[in-house]
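I opened the notebook to record what I looked up, chain by chain and then contact by contact. Each entry is kept short.

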Amino acid sequence: MKLSTAIASCLSGAALLASGWASVANASDCEPLRLGAAISLTGKYATNGIHAKNGYEFAIKKIDEAGGVNIGDKCYNFDVTYYDDESKGDRGATLAERLINQDKIQYMLGPYSSGLTKAIAPVTEKYKIPMVEAEGASRSLFNKGYKYLFAVLSTSEQYLASAVALAAEKAEEAGKDPSSVKIAVAVENDPFSLDIRAGVLEDAAKFGMKAVIDEKLPRDLSDMSAILTKVKLLKPDLLIVSGHSKGAATAVRQIGEMRINVPMIAITHCEAADVTGKFGDTANDILCSTQWAETLSYEDELFGSAANYETEFKSAYPEYGDKKVPYQTAQASAAVYVFADAFERAGTLDKEAVRDAIAATDLQTFYGAIKFSEAGNNIAKPMVLRQIQNGAYNVVAPSKFASHELNWPREAQ
Amino acid sequence: MTALRYLLYAVLLVITVLAPFIFPDFRTQLATLWLMIIVALTWDMTGGQMGYNSLGNIFFYGTGMYVAAVIAIGLVYDVGVYTSASGGGINEFTPVQYFAGIGLGMLGAGLFCAACAIVIGYITFGLRGPYFAIGTLGVAIAAGELVSNWDWVGGGQGITLPVYPADLDEGKLFFYYVFAIIGVVLFIFLKWLYSTRFGAAINAIRDDEEKAEAMGIHTMRYKLTAWALAAFFVGLVGAISAFQLISFEPLETAYQTINLGIFMVVCVLLGGKGTLWGPVVGAILFHLFKEITWNYLLGWQWVALGALIVVTVVYFQDGLMGWLMHRKPGWFGIRIDEGSDGARK
Amino acid sequence: MDQIVSNISLLFEFPVVNLKILIDGLMIGALFALAAYGLALVWGVMNVKNLAQGDFVIAGGYVAWWLAGLGLPPLLGVPAAFIVMWGIGWVCYKLVISRVIERDLFTSLLATFGLAIMIAQILNLLFGSDTQSIKLPYDTIYLADGFIDIPIAKLIGVCMAAVLATGVIIFMKRSRMGQAIRATAQDARAARVMGIDTEKVYAFTFSLNSAICGAAGAIIVMVWLIQPFYGITYAIRSFVIVTAAGLGNLPGVIAAGLGIGALEQYGAHIFGIGYQQAIAVLLLLLVLVIRLIQQRRKRQSLQ
């Protein structure tokens, strides 16, 4: 900072203080508070990287409009330095080093995907830089004893657990034993999806179900017809697919093309891949796991209700007009909110104090409750399962949140 | 002349020791520079000195990483549980466990890679020229793909090792000096090795393998020994890289065929094949080029790199040292009798 | 292990699945064969091992995709890509390849590798890293009780590949230039003595290779997908096929291409789709080892 601007900002700060306006100051008078993020703007995770970045930017704008972040008697606005990690882990780690060393960033927002978070978390941990991340769900992130990593989302094994429970329920209704349910699992070979698989297989084991297909999708996925052929032969009762946006799009497209007929299909990333917009009726009756739904009754002071978040976000980003706002965006906004809350409670820019404040977070937000475990993951918020019913996403499980009945069995469209 | 030479070596050694203090902000980059020097020197053992251009030396780097990580984790935890997607409790390492892991991991990685080189070499050394290059490249790609499907070592999610247990700056110095020591030892070792009968034998293999065989040189034994030595050192630096990077995964970090796997070849070509200083100079030039393009040409860095490879192999195949040797043969103790003393210094 | 056993038993339990795998494999194999034929040509004629082969394929795909986006009928994308890639191949030849022909083989390998990196990254910068495809407005044929699905687009693609391959064969046999190419492949020095401008032959051959690859890419973008970094997949397959079939053996190249397509699909079925790339590479190693054993019998090394 140049001396002149430093003096100017001191003076303006003093002036504000004197007039006692600090708390209601126009946010544009606030000083920038710098955050850093390496995010996938190109490469295989680009779709979701951009969803997350929009979520960050939207929250920053909202906080700005509401008067900025008040730390002690000064107000600040978040200012994020972004780099494109090209969806590659080694690049993400390099950029994190660069943000910390060259750009002197003291606080980080997370990248997109568990894989990238895994590559970056050791770097932030090494430099003791607090990172609040919103897009890394794999449990393998939270068994390393990291002290500076916090995740606002639920861990991946919970994504499709209720689909397994639903399949068991349906089997019982039909007078069959849940252990007779056959499951087919096709997941991408990356930390996030492998943890989805682990969660599904753990739950299936509880019911004594058998995984008749258990395959990994290659990273550069373009064709999963080999797996779907087996699905046709083995006729599982539940098909699980997880592979970020590309996996979701490929699965729904080929399920339609090959006329796959499985009573229950559960996938991740439906909204992010916009499967209803792209594939229309083909997507009907598919179950989609979600971290957040705009129909849920969460709310907070900044964003209002979940539904309000969606409306305001769509008016700020018209390109989401006829799509669902993906939960990837909502949780990114929630991560920024956690930072703002922690800074205000810490009342200082001291890194350690801010870390402790984040660790002590206990927040009700439009995205759900946020409270971190010792390991840094959010343990206060459940996952929900939605079904695409005539092009609309309706919550069907868990029963506490369900607004609609499950359509079962699914018919090939 | 020799006194001058010793002085030069002494100055270089002092620079090596002091470098992280002269450029404290670039400690990680300097450690990476040593990594490049080491892999370039080892590539030149077979590529430059013996005439076997491997594109698969990265196999030993990746394998070194995995072997070291498995040893370090295996000392304390069940590897399969530690690397599983579901996690299984919080896994922490005490400093003693950490350093024991590094030490044993490096040793294990080096030895395992040397053994691999003998087994793989026994098959691939039957291939010549471009087939050897393609075959070894195939081995490296296949290894990466297979490891990425191997659940016990984490499959596609890779492995995350513990963070350096003490102070951050101390950690950076630690990794720098480990790389630097391996590099210096390797350089001295190679300087000695190339002056022995062994060096003459592998050069003979490069120049004409059939004649060398006919002269009674047991070529296969020499080829395997040379590759095993190279693999040992690459395994060592792979192991230490694993701890430095902390988190790595099979396809893009460990068996990074199109990154480091090719970079090492380009370093050698840039500096000059078949010379001792060539790989060192080439690695320094290449590393500078890479750091500069990666920082100032974001997005275009790969295009610049491709262009560098093309230009190097097409126009400067003898590399910087080759060019110097051609222009100033006296510096290298080569005497050309041209009837005048012009060529002598 | 259980998975592998049960996957194999599926093949016997439902024989129709073999048919499905074979059809899929042969269709993709036809495209592999096309790309490999170009490689066999440059390898045989000018002894250049072109690692950028796959990236020419992908570049051709992007040309077709880009033109289709501008309103060109998709099927015309194939000849368009052929022509554009001819030009790009010629430029590559003049700038790079012409300078490595006389050099040792490792040089051509590395130089084309540098080219491959550049092409892939330029495509990434121009078109982004998402997968792209052209959707054709044709139906799908369902056979065997809906079990086998053959999109008509794929059939058209395979037919176009066949037409192109036949065209190239006839050209090589009948035309003046084709004869000159074959003469140069046999003995470049003798050809020069006989008054053939080998420099022109080389430039023509490399451009032709690039154009064939471009056409293959234009077909691929219609029936499968492309992405800037998919090139390596096709490069590896081309090397497997040419190494297995030998040079200048066109029927061999086609047979090897179809065979590898089918083998890969069987491999993906038995071991899982995650092993597809590994299977392709292991096939390459296997082919190298078999050739090596053959050569050892003659007390020669493979070079």
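**Entry 1: chain C.** I began with burial: of the 303 residues of chain C, 52% count as buried. A residue is buried if 20 or more other C-beta atoms lie within 10 Å of its own, exposed if 12 or fewer, and partly exposed in between, with the C-beta atoms placed from the backbone.

I noted what kind of model this is: it is predicted, local features need pLDDT of at least 70, side-chain atom pairs count only at pLDDT 80 or more, and totals for chains, interfaces and linings use all residues. Residues are numbered from 1 along each chain as its sequence is written, while chains are lettered from A and ligands numbered from 1 in the order in which they are written.

I then looked up the secondary structure of chain C and found 12 helices and 2 strands. Helices (H or I, at least four residues) and strands (E, at least two) are DSSP runs, numbered from the N terminus. Along the sequence of chain C, I read the pattern α-α-α-α-α-β-β-α-α-α-α-α-α-α. The radius of gyration of chain C is 20 Å, close to the 19 Å that the globule rule gives for 303 residues, so chain C is as compact as a globular protein of that length. The radius is taken over C-alpha atoms, and the globule rule is 2.2 Å times the number of residues to the power 0.38.

I also wrote down the span of the C-alpha trace of chain C, about 65 × 55 × 35 Å along its principal axes. Among contacts in chain C between residues at least 6 apart in sequence, 75% join residues at least 24 apart. Two residues are in contact if their C-beta atoms, placed from the backbone, lie within 7 Å.

**Entry 2: chain B.** I found 15 helices and 2 strands in chain B. Its radius of gyration is 21 Å, close to the 20 Å given by the globule rule for 345 residues, so chain B is as compact as a globular protein of that length. The C-alpha atoms of chain B fill a box of roughly 80 × 50 × 40 Å, taken along the principal axes. Of the 345 residues of chain B, 53% count as buried. For contacts in chain B with a separation of 6 or more, residues 24 or more positions apart account for 76%.

**Entry 3: two helices of chain B.** At what angle do the axes of α3(B) and α5(B) cross? I found that helix α3 (residues 58-74) and helix α5 (residues 95-124) of chain B have axes that come within 8 Å and cross at roughly 140°. That makes α3(B) oblique to α5(B). Angles under 35 degrees count as roughly parallel, over 145 as roughly antiparallel, 65 to 115 as roughly perpendicular and the rest as oblique. Axes are lines fitted to C-alpha atoms, for helices over the stretch in contact, and angles run from 0 to 180 degrees between N-to-C directions.

I noted that α3(B) passes α5(B) in a right-handed crossing. A crossing is left-handed if the near helix is turned anticlockwise from the far one by less than a right angle, and right-handed if clockwise. The contact includes F60(B), V67(B) and I71(B) of α3(B), and L104(B), F112(B) and C116(B) of α5(B). The residues of this contact divide into 14 nonpolar, 5 polar and no charged. Ala, Val, Leu, Ile, Met, Phe, Trp, Tyr, Cys and Pro count as nonpolar, Asp, Glu, Lys and Arg as charged, and the others, Gly among them, as polar.

**Entry 4: where chain B touches its neighbours.** I found 31 residues of chain B in contact with 34 residues of chain C. On the chain B side, α6 (129-147), α12 (260-271) and α14 (301-315) each supply at least two residues. α6(B) gives the most to that side, with 12 residues. The chain B side that touches chain C divides into 20 nonpolar, 9 polar and 2 charged residues.

Turning to chain A, I found 26 residues of chain B in contact with 30 residues of chain A. Here the chain B side has 7 nonpolar, 15 polar and 4 charged residues.

**Entry 5: chain A.** I looked up chain A last and found 13 helices and 17 strands. Of the 413 residues of chain A, 58% count as buried.
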